[in-house]
Amino acid sequence: MSEVLVVIDHVDGEVKKPTYELLTIARRLGEPSAVFFGAADKADGAVEKVKAYGAEKVYVIDDAELKGYLVAPKAEALQQLVSQLVEKSVAPSAILFSSTFEGKEIAARLAIKIESGLITDAVDVEAGEGGEPVTTQSVFAGSYTVTATVTKGTPIITVKPNSAAPEETAGAGTVEAFTPTISEAARSTQIIASQPRQATGRPELTEAAIVVSGGRGTGGNFEPIEKFADSLGAAVGASRAAVDSGWMPHSYQVGQTGKTVSPQLYVASGISGAIQHRAGMQTSKTIVAVNKDNEAPIFELVDFGVVGDLHSVLPAATEEITKRKA
Ligand code: FAD
């Protein structure tokens, strides 16, 4: 069975959940091999984690020579890794990335370097009749569902978070160090400063299993949204109207010009359901809306709808959830 490379998404060795989802998908297509970019002393922990989700091999690429630059060195390193595997006649049958900004940019550069087809933002990947990856994408602001395959080279696919339920299974986790040669050209854009974002204690919006979003209907008071989200361990999102009003930072915006989320549960509160908002959330597995207008377009989309004032509905729901958790 041929290898399927999964590029590990992590922060300082802390592996992010979408990586486990990718490993689960990789098992449908072949033998999962993970690729770790990072400091050698952080690799051990990450290796143990991905091994528990079926990684048979882990290629560890020490990023001492790569970090401090933007994405070009990582694309170059992956190109060299793929070439080495091709030379050994063990070419990978697919390469999977998480659909982050960085993941997509590296994937695109790699696709050009190895002359392969690229599919971005898949919401599902299955093996086709010949074992080839067949992806599902939601396109044109979610108005079409597209099934696609790569017809040239090694399929490179970026997959949105929450596209598969991560399944634990023991893999061998054999570590192979790989040392790329990074060109001067790849080092032409350098990061000169970086600041960690202030931690909210909530999950990352695009990875969260539950997202509670607020819109113009909040009137600028996000407290009911935040308290309800915290009772569920959810991330907080916002419509563009709420962001443009300065009630929430831009990084909270869900939609066509904001973030795309696909959680198990999406709660839209005081959001009318404009097409541009739907584009960022309509692949959510279960959608609930709280809106005081029973004709709001969001109700066309929901699994459950509550017609009411969010300022009374959400606190009541929060109280009930807190009571049941006690
Ligand atoms: P509104 O449409 O004003 O809806 C507010 C809703 O709150 C109403 O349905 C109302 O009944 C309800 N409400 C009011 N008070 C209460 C209450 N007390 N309790 C319960 N319900 C209440 N929008 C995005 O969200 N994301 C995007 O990425 C995005 N990109 C865009 C890109 C372009 C090019 C354009 C043109 C627009 C984009 N928009 C985007 C804007 C989009 O068209 C809508 O204007 C926006 O989504 C509306 O936000 P809203 O639903 O919060 O506000």
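The exercises below concern helix packing and domain arrangement in a predicted model.

**Exercise 1.** Determine how helix H5 and helix H8 are oriented relative to each other, and describe the contact they form.

*Solution.* Begin with the geometry: helix H5, residues 223-232, packs on helix H8, residues 310-325, at an angle of about 25 degrees, and their axes lie 9 Å apart. Angles under 35 degrees count as roughly parallel, and H5 and H8 are therefore roughly parallel to each other. The handedness comes next, and here H5 passes H8 in a left-handed crossing. Turning to the residues, the H5 side of the contact consists of Pro224, Ile225, Lys227, Phe228, Asp230, Ser231 and Leu232, which meet Leu310, His311, Leu314, Pro315, Ala317, Thr318, Ile321, Thr322 and Lys325 in H8. Sorted by class, this contact of H5 with H8 has nine nonpolar, four polar and three charged residues.

**Exercise 2.** Carry out the analysis of orientation and contact for helix H3 and helix H4.

*Solution.* Helix H3 covers residues 72-87 and helix H4 covers residues 101-113; they pack at an angle of about 50 degrees, with their axes 9 Å apart. This angle falls outside the ranges for roughly parallel, antiparallel and perpendicular, and H3 and H4 are therefore oblique to each other. As for handedness, H3 passes H4 in a right-handed crossing. In the contact itself, Ala72, Lys74, Ala75, Glu76, Leu78 and Gln79 of H3 meet Glu102, Ile106, Arg109, Leu110 and Lys113 of H4. The residues of this contact of H3 with H4 divide into five nonpolar, one polar and five charged.

**Exercise 3.** Describe how the chain is divided into domains, and characterise the contact between domain 1 and domain 2.

*Solution.* The first step is the division of the chain, in which domain 1 spans 3-187 and domain 2 spans 210-325. The second step is their separation, for which the centres of domain 1 and domain 2, taken over C-alpha atoms, are 32 Å apart. The third step is the contact between them, where eight residues of domain 1 are in contact with eight residues of domain 2. Finally, the area buried between domain 1 and domain 2 is about 640 Å², and carbon and sulfur atoms give 55% of that area.

Definitions and conventions: Residues are numbered from 1 along each chain as its sequence is written. This is a predicted model: local features need pLDDT of at least 70, side-chain atom pairs count only at pLDDT 80 or more; totals for chains, interfaces and linings use all residues. Side-chain values use heavy atoms; hydrogens and water are left out. Axes are lines fitted to C-alpha atoms, for helices over the stretch in contact, and angles run from 0 to 180 degrees between N-to-C directions. Helices (H or I, at least four residues) and strands (E, at least two) are DSSP runs, numbered from the N terminus. Angles under 35 degrees count as roughly parallel, over 145 as roughly antiparallel, 65 to 115 as roughly perpendicular and the rest as oblique. A crossing is left-handed if the near helix is turned anticlockwise from the far one by less than a right angle, and right-handed if clockwise. Contact means heavy atoms within 4.5 Å. Ala, Val, Leu, Ile, Met, Phe, Trp, Tyr, Cys and Pro count as nonpolar, Asp, Glu, Lys and Arg as charged, and the others, Gly among them, as polar. Domain bounds come from an automatic or database domain assignment. Buried area is the accessible area (1.4 Å probe) that two parts lose on being put together, summed over both.
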